[in-house]
Amino acid sequence: MDQQHITLISFGYFEKDFLDKVTEAVRHEFKFSVRIKEGYLDLSEFYDPGRRQYNGNTLLKEMDTLALADSVKTLGLFNVDLFIPILTFIFGQAALGGNTGIASLYRLNNERYGMPANKNILLERFKKEVIHELGHTFGLTHCHTPNCVMRSSTYVEDIDLKEVHLCQGCRDSIV
């Protein structure tokens, strides 16, 4: 393994096989080795009872304190409903050109939208969201190429339309 790596910190339960597949997608896309760590946070301090959601801004700030010095980028993996004050919900968030980000599985489940469970779709959506947020940490903004993973996603249907890969323009722009 090379010296530089990306760290994914799992907060909450994720199946090992699921995390292994996310890890492989990240490794393939960014050409860094990827390490998985388990994290522990009292999420109650990030909970907004009025919204019944978790504040993505304060959670992202907390991730900054948990970023590992030996890691190129660190992304927290969650399964809670995230929001930022100006949006009803978010799938994830990252500091543009920063070292950290967050991604949540919570709104990626088919069951949330009255459809049958589908683990393959859930996995594909999460891989795309993790790669998208990591892309922001590498300095990538939202892309206008329809199938690029860096295209903005307001709804899960938007995520489904994207590929799990960066377009060539975004790949060439990574800082």
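This report walks through some helices, strands and charged residues of a predicted model.

## A buried lysine without a salt bridge

Let's start with K73, which sits in strand β5, a stretch covering residues 73-78. Where does the nearest side chain of opposite charge to K73 lie? That side chain belongs to D64, and it is 10.0 Å away. A salt bridge needs the charged atoms within 4 Å, and K73, though buried, has none.

K73 does have something else to reach for: its side chain comes to 2.8 Å from the backbone oxygen of T137. If you leave out residues up to four places away in sequence, K73 touches H5, I6 and T7, then G97, G98 and N99, and also L134, T137 and F138. T137 therefore turns up twice here, as a contact of K73 and as the owner of that backbone oxygen, and it is also where helix α3 (residues 119-137) ends.

## Helix α3 from end to end

Helix α3 is a nice one for a quick sum. It has 19 residues, and at 1.5 Å a residue they should span 27 Å. The C-alpha atoms at its two ends are 27 Å apart, so the expected span and the model agree. How much of α3 is covered? Mostly, it is: 15 of the 19 residues are buried.

Both ends have a detail to look at. At the start of α3, a side-chain oxygen of N118 reaches to within 3.0 Å of the backbone nitrogen of N120. Just after the helix, G139 takes a positive phi of about 90 degrees.

## Salt bridges across the chain

Side chains of opposite charge can pair when their charged atoms come close. In this model the count comes to 9 salt bridges. Here are three of them, taken one at a time.

One is between K119 and E15, with the closest N and O atoms 3.6 Å apart. The two residues are 104 places apart along the chain, with K119 in helix α3 and E15 in the loop between β1 (5-11) and α1. K119 counts as exposed because its relative accessibility is 62%, while E15, at 38%, counts as partly exposed.

Another joins E29 to R171, and here the closest N and O atoms are 2.3 Å apart. This pair links helix α1, which holds E29, to helix α5 (residues 168-173), which holds R171, across 142 residues of chain. Is E29 buried or exposed? With a relative accessibility of 1%, E29 counts as buried, whereas R171 is partly exposed at 29%.

The third pair is R107 with D81, whose closest N and O atoms are 2.6 Å apart. R107 lies in the loop between β9 (100-104) and α3, and D81 in the loop between β5 and β6 (82-84), 26 residues apart. Both R107 and D81 are buried.

## An open sheet

Now for some strands. In what order do the 4 strands of the open sheet come? The order is β3-β4-β6-β7, and the pairing is mixed. At the edges you find β3 (47-48) and β7 (87-90), each of which pairs on one side only.

Take a look at the β3 side. Strand β3 runs antiparallel to β4 (residues 53-55), and 2 bridges join them. One residue pair to find is D48 with Q53, its bridge partner in β4.

## Two loops with a positive phi

The loop between β3 and β4 contains R52. Its phi is near 55 degrees, which is a positive value in a residue other than glycine. R52 is exposed, as its relative accessible area is 63%.

K31 is another non-glycine residue with a positive phi, this one near 60 degrees. You'll find K31 in the loop between α1 (16-30) and β2 (33-39). K31 counts as exposed because its relative accessibility is 57%.

## K37 and its contacts

Strand β2 is home to K37. How far apart are the C-alpha atoms of K37 and T7? They are separated by 7.2 Å, even though the two residues are 30 places apart along the chain.

Setting aside residues up to four places away in sequence, K37 touches T7, L8, I9 and S10, and also L68. K37 counts as partly exposed, since its relative accessibility is 38%. T7 links back to the opening of this report: K73 touches T7, and K37 touches T7.

Conventions: Residues are numbered from 1 along each chain as its sequence is written. This is a predicted model: local features need pLDDT of at least 70, side-chain atom pairs count only at pLDDT 80 or more; totals for chains, interfaces and linings use all residues. Side-chain values use heavy atoms; hydrogens and water are left out. Buried means under 20% relative accessible area, exposed over 50%, partly exposed in between (1.4 Å probe, protein chains only). Lys and Arg count as positive and Asp and Glu as negative; His and the chain ends are not counted. A polar contact is a pair of N or O atoms within 3.5 Å; within protein, one must be able to donate a hydrogen and the other to accept it, and residues adjacent in sequence count only if both atoms are side-chain atoms. Contact means heavy atoms within 4.5 Å. Two strands pair if DSSP finds at least two bridges between them. The expected span of a helix is 1.5 Å times one less than its number of residues.
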